[in-house]
Amino acid sequence: MKFLPACAFALAVSFAVCVAAHADPRPDSHAPIGVMGDHVHRQGEWMFSYRYMHMSMRDNRDGTDDLRPAEIVSTAANPFALAPPRAREPAPMMPPTLRVVPLNMTMSMHMFGAMYAPSDRVTLMGMAHHTRKEMDHVTYAGPTGTTALGRFTTETSGLGDISLAALIAIGASGHWHGTLGVSIPTGDIEKRDQILTPMNTRPNPRLPYPMQLGSGSFDLILGLTHSDGTGKWGWGGQWRSVVRGDDNDEDYRLGDEHTVQGWASYLLTPRTSLSARLSVFERGNIDGRDPAIRAPVQTADPDRHAATRADAALGVNVVLPGGRNRIALEWLQPLYQDLEGPQLKNDWTITLGWQFTR
């Protein structure tokens, strides 16, 4: 699974090195393609962008310890079988432990963005995305034991939440700007698909939270970004948070998300730069619960979604002749993951992007 993305990265670097020199804008005037809202524009300037992101998740972890599926169904308590107040409603038929375990998940996202600067001080930004998710599971037979009954896959796809934001320049240098925005709940949070239960039935229930396409709430986006450089080197840093609003129509809200990251770039040629990025990501548990999501699987438990993760990424940016088009690629690999689980671990992420400025 890692061979093709690695080859794509190598080909992109090879192409970048071969591009001839030209007096176009610096390729590292933008951050690595995995960073959102990283720069402002001059008055009257537009930018349109497209990103394709593919993320792979594989194997389970609780805290910093890896777990096999048989360990999970033997030891991980099923919250829907517990006594109130944690169990929101009676569950006399629920097994005492989890009986369905996710094995891996992939998410592919097409992101479309636009930026416009009504003044040198303010740049407006909007982003919409279409997402496809796929998760493979193994189901264990009956209320106890480690006899695997079978496997099944759930899939969802559609429009996600739309974000609108203002990037506000701080000071005259242009090296600092703040982000103030909102995420609009356009993504579906009522997706269903067929599953395999421990009793060997195949109902079509509402899928757990990671398989839904949005938050269902109006969320606040806050951030602060700095970028600078000298000679062949560039660098930057960003804090960005998503603060959830009130409970959505299904009586829950996702956990807040916070990211702090820094990057450095090196100008390989006048049109090509290489980048390295380190980031720390933190996500809280879900507050509340959707009464329609109730199953002996970890993804249905609101208290098994918190995560702290440190990631490293390598990238390449290329400015094409004419200076209006920029192509970028970035490969991200987790360095550390502490998960309130069991949860699937992040495996790798690759992002390919195109940006056009006029």
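**Exercise 1.** Determine which residue meets Glu45 in a salt bridge, and classify both partners as buried or exposed.

*Solution.* A salt bridge requires a side-chain nitrogen of Lys or Arg within 4 Å of a carboxyl oxygen of Asp or Glu. Glu45 satisfies this with Arg42, at 3.3 Å from N to O. Next, apply the burial classes: buried is under 20% relative accessible area, exposed over 50%, and partly exposed in between (1.4 Å probe, protein chains only). Glu45, at 16%, is therefore buried, whereas Arg42, at 59%, is exposed.

The model is predicted: local features need pLDDT of at least 70, side-chain atom pairs count only at pLDDT 80 or more, and totals for chains, interfaces and linings use all residues. Residues are numbered from 1 along each chain as its sequence is written, and side-chain values use heavy atoms, with hydrogens and water left out.

**Exercise 2.** Identify the salt-bridge partners of Arg206 and state which parts each pair ties together.

*Solution.* Strands here are DSSP runs (E, at least two residues), numbered from the N terminus.

1. Glu250 pairs with Arg206, the closest N and O atoms being 2.9 Å apart. Glu250 lies in the loop between β9 (233-243) and β10 (252-253), and Arg206 in the loop between β7 (176-184) and β8 (219-230), so this pair ties together parts 44 residues apart in sequence.
2. Arg206 also pairs with Asp290, with closest N and O atoms 2.9 Å apart. Asp290 is in the loop between β13 (287-288) and β14 (307-319), so this contact joins parts 84 residues apart in sequence.
3. By relative accessibility, Arg206 (12%) is buried, Glu250 (14%) is buried, and Asp290 (0%) is buried.

Terms used:
Helices (H or I, at least four residues) and strands (E, at least two) are DSSP runs, numbered from the N terminus.
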